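Trainee: Please take one part of this structure and examine it closely for me. I would like to follow how that part is built and where it sits within the whole.

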Amino acid sequence: MKALVYTGPGTVEVLERPKPTIKAPTDAVVRMMHASICGTDLHILKGDVPSANPGLILGHEGVGVVEELGDAVQGFHVGDRVLISCMTKCGSCKYCQRGIAAHCETGGWVLGNRIDGTQAEYVRVPHAQLSLHTLPASIDPRAAVAISDAFPTGFECGVLSADVQPGSSVVIIGAGPVGMATLLTARLFTPSLIVMVDLDDARLQTARKLGAHHTVNSSAPDAKQKLLDLTNGDGYDSVIEVVGIPATFKLCQELVGVGGRIANVGVHGTKVDLHLETLWDRNISIHMALVNASTTPRLLRLVESGVLETGSLVTHHFACGKAGQAYETFRTAAQHQALKVAIDF
Ligand SMILES: [Zn+2]
Ligand SMILES: [Zn+2]
C-alpha cells in the first residue's frame, strides 16, 4: 500500500509499505478515504516529538471504511464508514475510567506517533471499539476529517474549559483550524461577544464569515487596547489561547476579566511567564488540557442535524501522490489561505 512516511528531519515521502493486519482482537483495519494533516504532524517533521521516529507513517485524523475487525470489536461491521478519533482509548485503564482518555495507559495519541498512522491506504486502529465512530451517511466524509481532532479539541479544551455561556464575552487568540473550530462550537452557546485575534487578515475575514462579531489583528500597535475597548474595559469572561507561544499567553492574561477563565489549547514549546502579581486577586481560573475526544459522538450529532458545519475548515484536498505538495501547502497555510489540508486515498 502507499503511505506517507516521515523519513527524517523535514521530509515526508510516499513509500510502498505492507498492508497492516489485525494484531489484537481489539484492533480494526480501516481502508482510508481521507486523512488530514495536523499541526502536530509538522512538529514531528521538525523533530519536536521524541516518540515519533523516522520510518513512521504519519497521521492521526481521517475517515475510512472498516476493512477487517478483530473478534472483540462489537457494534461495527466490515464496510462501515467510520471516523477515526485522534485519541485511542482502551476504556478500562485508570485514566479512561476517570474520563481522561488523552492519558490512556495503552492509548492516547498513538496513531502517527508511537505506531503507524492514518496517512496511508490502510491503518490498524487499536482499541477500535472506542476509537472509531460510525459516520452517518448524511455527513460528507471530506468535511468530517475535521471531527477527528480539530473540533473536539476546540470544543473540549477551548469552549467547555473556558465555560462559554449565553450572553458572555469570548476572545479566541489564533484563527487556525482549531481556532475556527473553537469559534464554531462557541457559537452553540450564544455568547453575546466573540472576538477573534490573529496576525493574518485573510483568516480574520474567514472568522467573520464563520460568525465572529469582531476581529482584531494582533500586529496592530493598539491591539490590546482595541480588544479591551470591545468589553468597555472589563476584560473577557472566556479567553481561549490557540497558538502556543509566550506572547499570546501573555495577551490572554491581559485580556481576562474579573471572574473569567483562560483556557489554553495551544501546544507550548518554551517557558511562559505567569503574572500572578497582577492575577492573584482576580478570581480567575486557568485550564489546560489535551483533548479526550469524549464529545465526538455529540459533535457528530450536531453535524448530522445541520446545527454545526465543519466543511469550511477543510480547504484543500490532494491526491496521495501529491503528499509533498499537501504538506507544503499546510506548512505555508497563510500563503494558500489554507485551514485543514486533506489527502485522498
Ligand atoms: Zn491533529
Ligand atoms: Zn485507557
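Mentor: The centres of domain 1 and domain 2 lie 27 Å apart, taken over C-alpha atoms; the domain bounds come from an automatic or database domain assignment. Where the two domains meet, 23 residues of domain 1 and 18 residues of domain 2 take part in the contact, contact meaning heavy atoms within 4.5 Å. Domain 1 is made of residues 2-149 and 292-344, and domain 2 spans 152-288.

Residues are numbered from 1 along each chain as its sequence is written, while chains are lettered from A and ligands numbered from 1 in the order in which they are written. The model is predicted, with local features requiring pLDDT of at least 70, side-chain atom pairs counting only at pLDDT 80 or more, and totals for chains, interfaces and linings using all residues; side-chain values use heavy atoms, leaving out hydrogens and water.

The part to examine is the pair of zinc sites, and the frame comes first. The chain has 13 helices and 15 strands, which are DSSP runs numbered from the N terminus (helices: H or I, at least four residues; strands: E, at least two). A compact globule of 345 residues would have a radius of gyration near 20 Å, and the 20 Å of the chain agrees with this; the radius is taken over C-alpha atoms, and the globule rule is 2.2 Å times the number of residues to the power 0.38. Along the principal axes, the C-alpha atoms fill a box of roughly 60 × 40 × 40 Å. Of the 345 residues, 54% are buried (buried: under 20% relative accessible area; exposed: over 50%; partly exposed: in between; 1.4 Å probe, protein chains only). Among contacts with a separation of 6 or more, 69% join residues 24 or more positions apart.

What are the protein donors of the zinc ion (ligand 1)? They are C38 (SG), H60 (NE2), E61 (OE) and D149 (OD), at 2.0 to 2.3 Å from the ion. Donors are N, O and S atoms within 2.8 Å of the metal (3.2 Å for Na, K and Ca), and sites may look incomplete because water is not among the atoms. The donor residues follow the spacing C-x21-H-E-x87-D in sequence. C38 is placed in the loop between β3 (28-36) and α1 (39-46), and H60 in the loop between α1 and β4 (62-69), so this pair ties together parts that are 22 residues apart in sequence. Both C38 and H60 are buried.

The geometry of this site is tetrahedral because its four donor atoms subtend angles of 99 to 121°. Four donors count as tetrahedral if all angles lie between 85 and 135 degrees; four count as square planar and six as octahedral if opposite donors are over 155 degrees apart and all others between 65 and 115; anything else is irregular. For reference, ideal angles at a metal are 109.5 degrees for four tetrahedral donors, and 90 or 180 degrees for six octahedral ones.

The zinc ion (ligand 2) has the sulfur donors C90 (SG), C93 (SG), C96 (SG) and C104 (SG), lying 2.3 to 2.4 Å from it. Their spacing in sequence is C-x2-C-x2-C-x7-C. This site is tetrahedral too, with angles of 104 to 118° among the four donor atoms. C90 and C93 are buried. C90 belongs to the loop between β5 (81-84) and α2 (94-97). Leaving aside residues up to four places away in sequence, C90 touches C96, C104, T106, H127 and L130. From C90 to L230 the C-alpha distance is 45 Å, with their positions 140 residues apart in sequence.

P126 sits in the loop between β6 (122-125) and α3 (128-131). P126 is buried at a relative accessible area of 12%, and its contacts beyond four places in sequence include T26, D27 and T88.

Returning to D149, a donor of ligand 1, one may turn to α5 (150-160). Ten of the eleven residues of α5 are buried, among them A150, F151 and P152. The buried residues of α5 pack against α6 (177-186), β11 (236-241), β12 (256-264), α11 and β15 (340-344). A293, in the loop between β13 (285-288) and α11 (296-304), has a positive phi of about 55° although it is not a glycine; A293 is buried, with a relative accessible area of 1%.
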